[in-house]
Amino acid sequence: MRHSLLTTPIAASLAAVLAIGLAGPAAGAEKPGKGSGIAGEDAGKSDAKLAFKRQEAAAIKPIGNDPVFVGAYIWGGRADQNYRPFFQWELRMVAGAAKVESLRARIATLGPSRQVLNQGEWKEWGSIDASGRADVDYRANCPNFPAYQVELSWSGGKETFIACDKGTVPLAIGALSGQGYVVAVNTNFETSDKSKSATITWTDWNLGGKPAQDVVQTIHFKDEKGAEVKTVKHKPEGGEVPAGAVKEQKVVVPGVPTFATVSISTEQSDAGSQTESAGFTGAKDVETAQIHADGGKLKARVRNGLDSDQDGVVVTIALQDKAGKTLKSFDIPVGHLAKDEEKDVSADLGGLAGWAGYEVGWKGGKAKLAASAASGDAATNDARPAGANGVPAPITANGITLTPQKIERTSTGLLLTGTMQNGTGHDLAAVRVTMRVTDSANHTQEVLWKAQALASDASGPVSLACGLKDIGAIAMTWKTGAGVE
């Protein structure tokens, strides 16, 4: 028995997966004529607005001048005005810091090998004011498809966006040029009642401009109620997927309990290949040693050899090539470091594959900075209470600062708006900030903010919706790079 799944949620997520509507004339209903509306169009657009609301919290916000997609919903029907089956895209866009003029688009549906199945025509989408929002649509007469791409062109710019399934918000390919980024497309499964096994097939696409390393994919089996009944790990291509690769995958899983759906999640990291540095010298100083790469992270150990505790310690590691030129410099907050205390620290390598040498230094002060998490996966700081007007005070986690500016009450809770600023001193790619919001009744909700890129000293707009009655405190962590979920 063979099954084809139309959507595949990705752990290195591109966006939330939503239901796909399929509309068509009811039995006995009059077929739509030319110039009339299409059956299901009102329902399709209404469902799209609900989908956009659900996608808003996880949507990637524009950084710089270029526009991005923040919502996507696809519906279809058996007959348009010309009595031909069709799919219609309902898309929500947000402009960056500059007005988008002479905007036009065309959509191509893609097959499992990333081949074009149907190439649509260019359609004019007009203009979008700076930081403005626009809901646009696009219709194509085409057969079913697993993925699609949107080509955008506007006055002074162009970009191609890709979605790995019908429920994914299209992501700009240009934002992935400096990293590996593997997604699973066109997941299918066959079951054998005799052997109680399942054969799972899918195709991996590396959408990034660099090889993806340490790739591990998880096959999730779920029952009709959505409960997970089994998971299986798989390392495609031995864990290394070349840049731009399209690779078919097949896994036979024995002893599978009864299940209804299958999805594939992907975890990955960039390459790091430098051998570990020497240990501590015992000097009366703040020392950084054991510098090495591990799973796309730069890792090190810091020791306080001074005669007193140190607050606000920040270590600097400058990685160099053979000529002594700095390839990349990292300022890594350590926080409080007691006398003779040692701490492990880490930072995202951001695609840097290796180095020939390094220089280290440190600085400190009275201000207590947020400490790096021991795992190196996130930066965190304590929750900050809200001000007297209900608006929380600015909160900083390892150089990323959220500055709340306004709170609005909505029908479902609250809407917090403000800015997110990169004060790390480095350009960041694929930023994901997680905020745990707690109200006065001690109820907690987790909300997300994402950006395709956040340049050093740049800031992006924040609009966070939560279902709490007020905001008593916020705790914040963030991740960056290809391994970000």
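This is a short walk through one predicted model, from the overall fold down to a few side chains.

I'll start with the whole chain. There are 485 residues, and 48% of them are buried. By secondary structure the chain has 32 strands and one helix. Take the contacts between residues at least 6 apart in sequence: 66% of those join residues at least 24 apart.

Now confidence, since this is a prediction. The average pLDDT over the chain is 79, and 80% of the residues score at least 70. Two stretches should be flagged. Residues 270–277 stay under 50 in pLDDT, and the model gives them 32 contacts beyond four places in sequence. The other stretch is 365–383, also below 50, with 52 contacts beyond near neighbours in sequence.

Next, the strands. One open sheet has three of them, in the order β19-β20-β23, with antiparallel pairing. Its edges are β19, residues 286–294, and β23, residues 342–348, each of which pairs on one side only. On average, neighbouring strands in this sheet are turned by 25° against each other, ignoring direction. Between β19 and β20, the latter covering residues 297–304, there are seven bridges. If you want a register point, Val 286 has Asn 304 in β20 as its bridge partner.

As a reminder, strands in a sheet pair through backbone hydrogen bonds, in either a parallel or an antiparallel arrangement.

Another antiparallel pair is β13 with β14, residues 197–206, joined over nine bridges. These two strands form a hairpin with four residues between them, and Lys 196 in the turn has a positive phi of about 55°. For the register here, Val 185 is bridged to Thr 203 in β14. How much of β13 is buried? Eight of its 11 residues, 182–192, are buried, so the strand is largely enclosed by the rest of the structure.

On to the aromatics. A search over the whole structure returns nine aromatic pairs. One of them is Trp 89 with Phe 145, a stacked pair at 5.6 Å centre to centre and 20° between the planes. What does this pair link? It joins distant parts of the chain: Trp 89 is in strand β5, residues 86–94, while Phe 145 is in the loop between β9 and β10, and the two are 56 residues apart. Both partners count as buried, because the cut-off is under 20% relative accessible area, with Trp 89 at 0% and Phe 145 at 2%. Trp 89 and Phe 145 also belong to one aromatic cluster, together with Phe 87, Tyr 138 and Tyr 148.

Two arginines sit over rings as well. Arg 104 lies over the face of Trp 122, 4.2 Å from the ring centre. Arg 139 has its charged end over the ring of Phe 86, at 5.4 Å from the centre.

The last item is a single polar side chain, Gln 452, in strand β30, residues 444–454. Is Gln 452 buried or exposed? Gln 452 is buried, because its relative accessible area is 15% and the cut-off is 20%. Which residues does Gln 452 contact, leaving aside neighbours within four places in sequence? The list is Ile 60, Lys 61, Val 68, Leu 171, Ala 172, Ala 175, Ala 429 and Ala 430.

That is the end of the tour.

Key
Residues are numbered from 1 along each chain as its sequence is written. Side-chain values use heavy atoms; hydrogens and water are left out. Two strands pair if DSSP finds at least two bridges between them. Axes are lines fitted to C-alpha atoms, for helices over the stretch in contact, and angles run from 0 to 180 degrees between N-to-C directions. Rings of Phe, Tyr and Trp (its six-membered ring) pair if their centres lie within 6.5 Å; planes under 30 degrees apart count as stacked, over 60 as edge-to-face and the rest as tilted. Buried means under 20% relative accessible area, exposed over 50%, partly exposed in between (1.4 Å probe, protein chains only). A charge sits over a ring if NZ of Lys or CZ of Arg is within 6 Å of the ring centre and within 35 degrees of the ring normal. pLDDT is the predictor's confidence in each residue, from 0 to 100. Contact means heavy atoms within 4.5 Å.
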